[in-house]
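Here is a short tour of a protein chain, written for someone who likes to check the coordinates alongside the text. Please have a look at the structure below before reading on.

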Amino acid sequence: MEQALWTRARLGRCGPPLDLLTARFDKHVYAPHAHEEFTIGVCVGGSEVIAYRGGQIRTAPGSIVVLDPEEIHTGGPGTATGGYAYRALYAAPALLTEGTVGFGLPHFREPLLDDPELAASLLSAHSQLSACPDPLEAESRLPWLLTALACRHSTARAASCMVPGAEAIARAVRDRLADELLDPPSLADLATDLGLSRYQLLRVFRTTMGVPPYAWLAQYRVGRARSLLDSGHRPAEVAGLVGFADQAHLTRWFRRVLGVTPAAYRNSVQDSHR
């Protein structure tokens, strides 16, 4: 079955949009076209042949494709019967320069990349943000991954991220997220307030706290949700009270942190009090 599903994520509260595409085609052939953004895709099935820069790229499951902005390309099935499937995101050029140094935009000499670790991380972020495009999660994960992509595979190099007072900065960010858990500020705004770039803030927070900002806030919300469930609230109402998008979002994180669903936890707590 041929399908193309688009999801629009925002990089932080009121931040710029970033589009995610999940596609599966049997016979579809793209007309020659270009994008204003970097096109970053990971093949998840079959094989696609992409005409690009006067040659052809042939993907395989797990391969990463990076197409520079404004570069004309096409795409179609690599075999007569196999079809192809991929996940792609369309990143503004500035997202690949936040944590890098170099003249102009990063240039990817080789558009087809073999990097299983990065491919897995891109697919994980794409899948989870397509299901629930949480702004803080998008802003925590995507700039980090795109900087890694640029530093590993383009002409750009990593910028120095030495920041004095890293622990105090991380605690300040943590406290702001906890205080505003229902509508957390964007990392871009927090970074500006602290005189940092967003990538510097991300690096400081991850190094000090051990997890990116969205994961820290999700675990904090789970703790708050647990207290509300203890007091008799139902999972559906708890989700909104602690800032999760919906009950499914709460359930996903509750199981990650505590190993059970909110409903199962609530039932077990109530049973123990009988």
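## Contacts along the chain

Among contacts in the protein chain between residues at least 6 apart in sequence, what percentage join residues at least 24 apart? The answer is 69%. Please keep in mind that this is a predicted model.

## Overall picture

The protein chain holds nine helices and 12 strands. Its C-alpha trace spans about 70 × 50 × 30 Å along the principal axes. Of the 274 residues in the protein chain, 46% are buried.

Turning to the surface, the accessible area of the protein chain is about 13100 Å², and carbon and sulfur atoms account for 53% of that. The chain carries 27 positive and 28 negative charges, and the mean positions of these two sets lie 6 Å apart.

## The six-stranded sheet

Follow the order β1-β2-β9-β4-β7-β11 and you will trace an open sheet of six strands with antiparallel pairing. At its edges stand β1 (3–10) and β11 (112–113); each has a single partner strand, so one side of each is left without a neighbour in the sheet.

Within the sheet, strand β4 (residues 38–46) runs antiparallel to strand β9 (residues 84–91), and eight bridges join the two. If you want a spot to zoom in on, glycine 45 stands opposite alanine 85 in β9.

## A helix on the sheet

Helix α1, residues 116–131, packs on this sheet. The strands touched by helix α1 are β1, β2 (17–25), β4, β7 (64–67) and β9. The direction of helix α1 makes about 80° with that of β9.

Definitions and conventions. Residues are numbered from 1 along each chain as its sequence is written. This is a predicted model: local features need pLDDT of at least 70, side-chain atom pairs count only at pLDDT 80 or more; totals for chains, interfaces and linings use all residues. Side-chain values use heavy atoms; hydrogens and water are left out. Helices (H or I, at least four residues) and strands (E, at least two) are DSSP runs, numbered from the N terminus. Buried means under 20% relative accessible area, exposed over 50%, partly exposed in between (1.4 Å probe, protein chains only). Contact means heavy atoms within 4.5 Å. Accessible areas come from the Shrake-Rupley method with a 1.4 Å probe; for residues, only the protein chains shown count as cover. Lys and Arg count as positive and Asp and Glu as negative; His and the chain ends are not counted. The place of a charge is taken as NZ of Lys, CZ of Arg, CG of Asp or CD of Glu. Two strands pair if DSSP finds at least two bridges between them. Axes are lines fitted to C-alpha atoms, for helices over the stretch in contact, and angles run from 0 to 180 degrees between N-to-C directions.
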